[in-house]
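Biologist: I am new to this structure and would like some help reading it. Could we go through it together, step by step?

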Amino acid sequence: MSYQLGSIRKIVSGEGSLKELPEIVKSFGAKAAVIVTDDGVYRLGLTKGAEESLAAAGIKVSVVHDVPPEPSVEQVEKIFEQAKAHQCDAIVAIGGGSAMDTSKLVSLMLTNKVTLREMVKGKKPSVRGVPTIMVPTTAGTGSEATPNAIVLVPEEQLKVGIVTDLMISDVALLDPSMTAGLPAHITANTGIDALCHLMECYISKKNNLLSESFSLHGIKLVEKALRRCYKTPSDLKARELMQVASTFGGIAIASSSTTAIHALSYPLGGRYHIPHGLANAILMPYVMEVNKPDCIEKYAVMAKAMELPCAGRSDEECADLFVKELYALNSDLNIHCDLKAKGVTFDVIDDLIDGASKVTRLLGNNPRDLTREEMRDIYEKVLKANS
Ligand SMILES: NC(=O)c1ccc[n+]([C@@H]2O[C@H](COP(=O)([O-])OP(=O)(O)OC[C@H]3O[C@@H](n4cnc5c(N)ncnc54)[C@H](O)[C@@H]3O)[C@@H](O)[C@H]2O)c1
Ligand SMILES: [Zn+2]
């Protein structure tokens, strides 16, 4: 089987790396940049340094700062109109997956004659967009390295992934100080999202030599750093490890794919507006436990990557340790969602199963063909644990 990895052109990482931004923008010959961000990030002042340094370098800067969380097709179209009015020749996304996905789509829409609605229906753009520079402020989605952007289609109560290598961004600028102010629960949820990307890509039917190197090293970094980030938000070394792990998750997605955790989380996001990271996080250990019989060796390898006490233990025992550690992680990070308040009750489980079953793009790569009963069991357990 052949496999491939469409890759981001450059990653600039480490504390203080944001100061490289003007040179990076200039390297594309760009004279006018639009910073795309969300209101929360904007109000925190996280775009200020970029605005000032770009202006000081003689680059015209505009800011579009109203990307909503987990945007819909219409909302992305609105941001596109605003960005277009600024006549930019580079886009700098500063924010989490919502701002980064929006920026990637806006960039493509600026250079292609295809509308977002057409892309949602499967029409492909033909050329790359204007250069995109991604400055993640969460360490989770890995959107800075993926060929994906996810939008909500409200009339279908569905989140849809648009996938094209043309959308892989040009540069990721990973400055850990940009994540230091993340509230603890967002650190936790988005961090587990990164872990899901890394683990799912490794157990996916699409796993390969390229993706697994990133997966396994990323898993090791998450295990080292996520609890530290949660307990001590200002621990910039741990923040740096999480940012790199998150980007590795994105690179792994670019070559492999996510699987059942993401498939089962889609209806929770699309219908009940549970944030992407949180929806994955509450499902994560339960789905991984159900997959275990089909992945004993791989779970043992991941347990070793996490440096769990595997010496002298069989693969089966290491796999058990691994699943136990996933539950412990969720517990230590206080992962919890009031599902009832969001309208997710035991009565809607059949709808959730129907919704997840439609995400064949991901479910088809799961190492185990999940039955409806297995999905029901997972959702029931998640509901019990989150009531
Ligand atoms: N393209 C991909 O490959 C990919 C992968 C996974 C998820 N996604 C998508 O990404 C979106 C979710 O992104 P996300 O989880 O990063 O969250 P997000 O971008 O929606 O941000 C969540 C919240 O965190 C706040 N925030 C962000 N950075 C902050 C900081 N440094 N300090 C304080 N607050 C901060 C934001 O203001 C926002 O309120 C979803 O739409 C999801 O579907 C895309
Ligand atoms: Zn995800």
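Biologist: Which domains does the domain assignment of the chain give?

Modeller: In this predicted model, the assignment gives domain 1, residues 10-179, and domain 2, residues 184-385. Their C-alpha centres lie 26 Å apart.

Biologist: How many residues does the contact take from domain 1 and from domain 2?

Modeller: Here a contact is judged by C-beta atoms within 7 Å. The contact takes 31 residues from domain 1 and 27 from domain 2.

Biologist: Which elements give two or more residues to the side of domain 1 that touches domain 2?

Modeller: Look for β1 (10-13), β6 (148-153), β7 (158-163) and β8 (171-174). The largest share, three residues, comes from β7. Sorted by class, this side of domain 1 has 12 nonpolar, 15 polar and four charged residues.

Biologist: Now the ligand. How many residues surround ligand 1, and which are the closest?

Modeller: Ligand 1 is surrounded by 33 residues, and the closest are G40, G96, G97, T137 and T146. By class, the shell has 11 nonpolar, 18 polar and four charged residues.

Biologist: Which elements each supply at least two residues of that shell?

Modeller: They are α2 (39-43), α5 (97-111), β6, α7 (184-203) and α11 (276-291). With four residues, α5 gives the most. You may remember β6 from the side of domain 1 that touches domain 2.

Biologist: Where does ligand 1 lie relative to domain 1 and domain 2?

Modeller: Ligand 1 lies between them, because both domains give residues to the shell around this ligand.

Note on methods: Residues numbered from 1 in each chain as written. Chains lettered and ligands numbered in written order. Predicted model: local features only at pLDDT ≥ 70, side-chain atom pairs only at ≥ 80, totals over all residues. Domains from an automatic or database assignment. Contact = placed C-beta atoms within 7 Å. Nonpolar A, V, L, I, M, F, W, Y, C, P; charged D, E, K, R; others polar. Near = placed C-beta within 6 Å.
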